Amino acid sequence: MAYQFEHVKLEKGMYRESGKSFTETLAKLDPDEAYKGTALEGMDPFQRQLKRFDIKVRGAGSDVVDKFFATSQSAVLFPEYVARSVKQGMEEADLLPHILAATTEIQGMDYRSITSTPDGEDKKLRRVEEGASIPATTVTTQENLVKLHKRGRMLVASYEAIRYQKLDLFSVTLRQIGAHLARTQMEDGVKVLLDGDGNGNPAQVVSVENPGTLTYNDLVDFWSKFEPYTLNTILAPNDVVVKMLKLAEFQNPLTGLNFQGTGKLATPLGAKLLRTSAVPAGKLIGLDSRYALEMVKGSDVTVEYDKLIDRQLERAAITSIAGFAKLYADAAKVLTV
């Protein structure tokens, strides 16, 4: 049986379609619907092209990098393989999904987020008498634009140096680049949580009762300041996490069992505890992840496809553009230990 993916013509121009990824462009020529009920159901268009050219990218039997360049058409797949491997590394090391209330994708570099700052009375859902006006929540755009940052790494390697390397091994290097990108974006997000996004909305700073000493009472007092929000996520550097885990309340058998069995840190306050070096030493960020932070993506992971297709790997840039906006200032606070 002949399949459509075997007759798709691959060319560099597929990376140039505005607002569309390579896979989205490929999907127009080779839609998934054509494979329902077949052995290829569940594969996306890129995976079907790997099958077409018999390129195995993972496992003990993975091919060498040179397999992508066996033909001019299969070479077109190489930049997408690089981008996907980098994104996999970002996802494996990425803490951002745990702290984002929303992710917005834009075309361009200019973006204004929205905000509403109701006072204490506006937050109450009062009973509305017949004929009376309904209390309003006013939503406005922020005064200042969200700052987007281009983060990236340079892939520096000659084609001769990697052409006979297994793709499974080469993917490890690419995933490491992705992990680095994820860490730098996390640092950008934490900075906005701490200092605000330029619209006069830095996080409220709370100090412990005895500087240098963290107690469970300090954490409970910190937790109580989030009303009407919920403290459901805590970001802390290694030194603060160590102090927290040494508290007697954190040595509850169930808490310890969860940590020992899954490696996931939990807190008696019910908040998710995330350890990250992006938070400065001696500080702890508490937030309601449903309302605190918006990520604005100017571009997904992009690679210099021309260089990669033409085997000019020396100094090929891998980049991503993103910024962060503070949604509700009171949904994130800082505890100084």
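Q: Let's start with burial: what share of the 337 residues in the protein chain is buried?
A: Happy to start there. This is a predicted model, and in its protein chain buried residues make up 45% of the 337 residues. The secondary structure comes to ten helices and eleven strands.

Q: How do I read the contacts by sequence separation, and what percentage join residues at least 24 apart?
A: Take the contacts between residues at least 6 apart in sequence; in this chain, 80% of them join residues at least 24 apart.

Q: Next, the interior. How many residues does the largest nonpolar core have, and which have the most contacts inside it?
A: The general idea is that buried nonpolar residues are joined into a set through side-chain atoms within 4.5 Å. Here the largest such core has 41 residues, and Phe 68, Phe 78, Tyr 81 and Val 82 have the most contacts inside it. Several elements each supply at least two of its residues, including the helices α4 (78-93) and α6 (167-195) and the strands β9 (293-303) and β10 (316-326). There is also a second, separate core of 24 residues, with Ala 203, Leu 274, Leu 287 and Ala 292 among them.

Q: Could we zoom in on Tyr 81: which residues does it touch beyond four places away in sequence?
A: Tyr 81 touches Phe 46, Val 57 and Phe 68, and also Leu 167, Phe 170, Ser 171 and Leu 174.

Q: How do I read a helix pair, and at what angle do α4 and α6 pack?
A: In general, two packed helices are described by the angle between their axes and the distance between the axes. For α4 and α6 the angle is about 55°, and the axes are 6 Å apart. The two helices are therefore oblique to each other, and their crossing is right-handed. Among the residues making the contact are Phe 78, Tyr 81, Val 82 and Ser 85 of α4, along with Leu 167, Phe 170, Ser 171 and Leu 174 of α6. By class, this contact has 13 nonpolar, six polar and two charged residues.

Q: One last residue: is Leu 335 buried or exposed?
A: Buried means under 20% relative accessible area. Leu 335 has a relative accessible area of 1%, so Leu 335 is buried. This residue lies in strand β11 (residues 332-336).

Q: And which residues is Leu 335 in contact with, leaving aside neighbours within four places in sequence?
A: Its contacts include Val 206, Ser 207, Val 208, Leu 214, Leu 219 and Phe 222, as well as Gly 282, Lys 283 and Leu 284. Take Gly 282: Leu 335 and Gly 282 are 53 residues apart in sequence, and 8.6 Å apart in space, C-alpha to C-alpha.

Key:
Residues numbered from 1 in each chain as written. Predicted model: local features only at pLDDT ≥ 70, side-chain atom pairs only at ≥ 80, totals over all residues. Heavy atoms only, no water. Buried < 20%, exposed > 50% of the residue type's maximum accessible area, 1.4 Å probe, protein only. Helix = DSSP H or I, 4+ residues; strand = E, 2+ residues; numbered from the N terminus. Contact = heavy atoms within 4.5 Å. Axes fitted to C-alpha atoms, helices over the stretch in contact; angles between N-to-C directions. Parallel < 35°, antiparallel > 145°, perpendicular 65-115°, else oblique. Left-handed = near helix turned anticlockwise from the far one by under 90°. Nonpolar A, V, L, I, M, F, W, Y, C, P; charged D, E, K, R; others polar.
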